[in-house]
Amino acid sequence: MCITSSQEALGAKPIALSEATAKRWLSYEKSVSSIRKVFGPLIVSLEREGSERKCAKARGLVARLKKWRTVYILELLSVVMPTMSGISQLFQVNGTQFVM
């Protein structure tokens, strides 16, 4: 069962997950936002993958995602990332550079 089927079964609008790139805050913000929106269907899909196909990676991901720390960090990032993306874009527009 793919994540799209899980989203539809749970009555959620299908949303594609985004992969974060190494140097752009905006890509991290999009990744956090999309994971947060499909968190329930993602858990369901990974649990099914782990039980039906005996996928160790899926079982490991579910175990990590279900920890309260992971949920806490995801929620914290969903608050912080829009600000970081805005600051990053502001610096890119102005050509501002920091030298340490």
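What follows is a conversation between a student and a tutor about a predicted model of one protein chain.

Student: Let's start with the overall fold. What makes up the chain, helices or strands?

Tutor: The chain has 5 helices and 0 strands. Read from the N terminus, the order of elements is α-α-α-α-α. Buried residues account for 22% of the 100 residues.

Student: Why is lysine 54 called exposed?

Tutor: Its relative accessibility is 60%, and exposed means over 50%, so lysine 54 counts as exposed. Lysine 54 sits in the loop between α3 and α4.

Student: What is notable about phi of lysine 54?

Tutor: Phi there is near 55 degrees, a positive value in a residue other than glycine. As a rule, most residues other than glycine have a negative phi.

Student: And why is glutamate 75 called partly exposed?

Tutor: Glutamate 75 has 34% relative accessibility. Buried would need a value under 20% and exposed a value over 50%, so glutamate 75 falls in between and counts as partly exposed. This residue belongs to helix α5, residues 68-94. Its C-alpha is 9.5 Å from that of serine 33, although the two are 42 residues apart in sequence.

Student: How do you describe the packing of α3 and α4?

Tutor: Two packed helices are described by the angle between their axes and the distance between the axes. For helix α3 (residues 39-52) and helix α4 (residues 56-65), the angle is about 145 degrees and the axes are 8 Å apart. The crossing of α3 past α4 is left-handed.

Student: Which residues make that contact?

Tutor: From α3 come Phe39, Leu42, Ile43, Leu46, Glu47, Glu49 and Gly50, while α4 brings Ala58, Arg59, Leu61, Val62 and Leu65. By class, that contact of α3 with α4 has 8 nonpolar, 1 polar and 3 charged residues.

Student: What makes Leu42, Ile43, Leu46, Ala58, Val62 and Leu65 a nonpolar core?

Tutor: A core of this kind needs buried nonpolar residues joined through side-chain atoms within 4.5 Å. These 6 residues form the largest nonpolar core, so each of them is buried, under 20% relative accessible area. Both α3 and α4 supply at least two residues of this core. In soluble globular proteins, nonpolar side chains tend to be buried together.

Student: Which residues does leucine 65 touch, beyond its neighbours within four places in sequence?

Tutor: Leucine 65 is in contact with Phe39, Leu42, Ile43, Leu46, Thr70 and Val71.

Note on methods. Residues are numbered from 1 along each chain as its sequence is written. This is a predicted model: local features need pLDDT of at least 70, side-chain atom pairs count only at pLDDT 80 or more; totals for chains, interfaces and linings use all residues. Side-chain values use heavy atoms; hydrogens and water are left out. Helices (H or I, at least four residues) and strands (E, at least two) are DSSP runs, numbered from the N terminus. Buried means under 20% relative accessible area, exposed over 50%, partly exposed in between (1.4 Å probe, protein chains only). Axes are lines fitted to C-alpha atoms, for helices over the stretch in contact, and angles run from 0 to 180 degrees between N-to-C directions. A crossing is left-handed if the near helix is turned anticlockwise from the far one by less than a right angle, and right-handed if clockwise. Contact means heavy atoms within 4.5 Å. Ala, Val, Leu, Ile, Met, Phe, Trp, Tyr, Cys and Pro count as nonpolar, Asp, Glu, Lys and Arg as charged, and the others, Gly among them, as polar.
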